[in-house]
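User: I have a structure here and some of its labels puzzle me. Could you walk me through them?

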Amino acid sequence: MTVRVAPSILSADFAALGQAVAAVERGGADLIHVDVMDGHFVPNITIGVPVVQSLKRIATVPLDVHLMITDPDRYIEAFAEAGAAMMSVHVEVAPHLHRTVHAIKALGVKAGVVLNPATPVVAIREIAADVDFVLVMSVNPGFGGQAFIPRSDVKVAEVRTTLDRAGNQLAPVEIDGGIDTTTVGRVVAAGARVLVAGSAIFHSPDPERATRELKAAAAAALPASATTR
Ligand code: DX5
Ligand code: ZN
């Protein structure tokens, strides 16, 4: 399994999203990470369906839509129609997670589940065989630019083990929060294969270059055996 970089446009200039996407695509972005926040599950309000629709028109890589909203079931169809290729829901807000995951898959979208920093890995054990990916939050969701929470790399490894035990070796572990060239090595070594980065890319003077450098740092941390998985 190769490692993929997913720049989070949360830290981009919302008045120039097209240019932001184009720049990171030139830098080798594999996905565009879109943070949807509702002001309830998290304190912040960000992007909705129309913005995803517009991004879909201009992006050449798939859109990875991270739903930080209290009632994801009400919106998954709309985000799928808007062009999400991957969609993730927080386990903390989804009492019928099995139904939610399969509803996303039925729409032809890759389904992911997300763990907040204080949510234990065991919360995904029963859904581990069904998901297309698991997203580990390495900050408390709501804002860009926060510091990586130590031990999140250990959690990545635990999620990897849970997926493997469920026979789901093909589902990657994604990580989101405080990822930059200083933290990327340890999370890749722990098994993360989709790396979300917002401020490290868009608050740098050259997002294209920052994407390229993060990807290179991630690739350098890949264990030799990882290319077979
Ligand atoms: C936080 C979002 C992240 C955010 C990451 O709630 O889910 O995707 O953009 O930002 P950085 O990379 O700055 O921590
Ligand atoms: Zn996110």
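**The zinc site and the helix crossings**

Analyst: Sure, let's start with the metal: the six donor atoms around the zinc ion (ligand 2) subtend angles of 71 to 168°, which makes the arrangement octahedral. One caution: this is a predicted model, where local features need pLDDT of at least 70, side-chain atom pairs count only at pLDDT 80 or more, and totals for chains, interfaces and linings use all residues. Residues are numbered from 1 along each chain as its sequence is written, chains are lettered from A and ligands numbered from 1 in the order in which they are written, and side-chain values use heavy atoms, leaving out hydrogens and water.

User: What makes the arrangement around the zinc ion (ligand 2) octahedral?

Analyst: Six donors count as octahedral if opposite donors are over 155 degrees apart and all others between 65 and 115. The angles here run from 71 to 168°, hence the name.

User: Which protein atoms are donors of the zinc ion (ligand 2)?

Analyst: They're His-33 (NE2), Asp-35 (OD), His-66 (ND1) and Asp-176 (OD), 2.0 to 2.3 Å from the zinc. A donor is an N, O or S atom within 2.8 Å of the metal (3.2 Å for Na, K and Ca), so these four fit. Asp-35 sits in strand E2 (residues 32-37) and Asp-176 in strand E7 (residues 173-176), so the pair ties together parts 141 residues apart in sequence.

User: Why are H1 and H8 called oblique?

Analyst: Helix H1 (residues 17-26) and helix H8 (residues 207-221) pack at about 40°. Under 35 degrees is roughly parallel, over 145 roughly antiparallel, 65 to 115 roughly perpendicular, and the rest oblique. H1 and H8 are therefore oblique.

User: And what about H1 and H2?

Analyst: H1 and helix H2 (residues 49-58) cross at roughly 45°, so they're oblique to each other too.

Methods: Axes fitted to C-alpha atoms, helices over the stretch in contact; angles between N-to-C directions. Helix = DSSP H or I, 4+ residues; strand = E, 2+ residues; numbered from the N terminus. Tetrahedral: all angles 85-135°; square planar, octahedral: opposite > 155°, others 65-115°.
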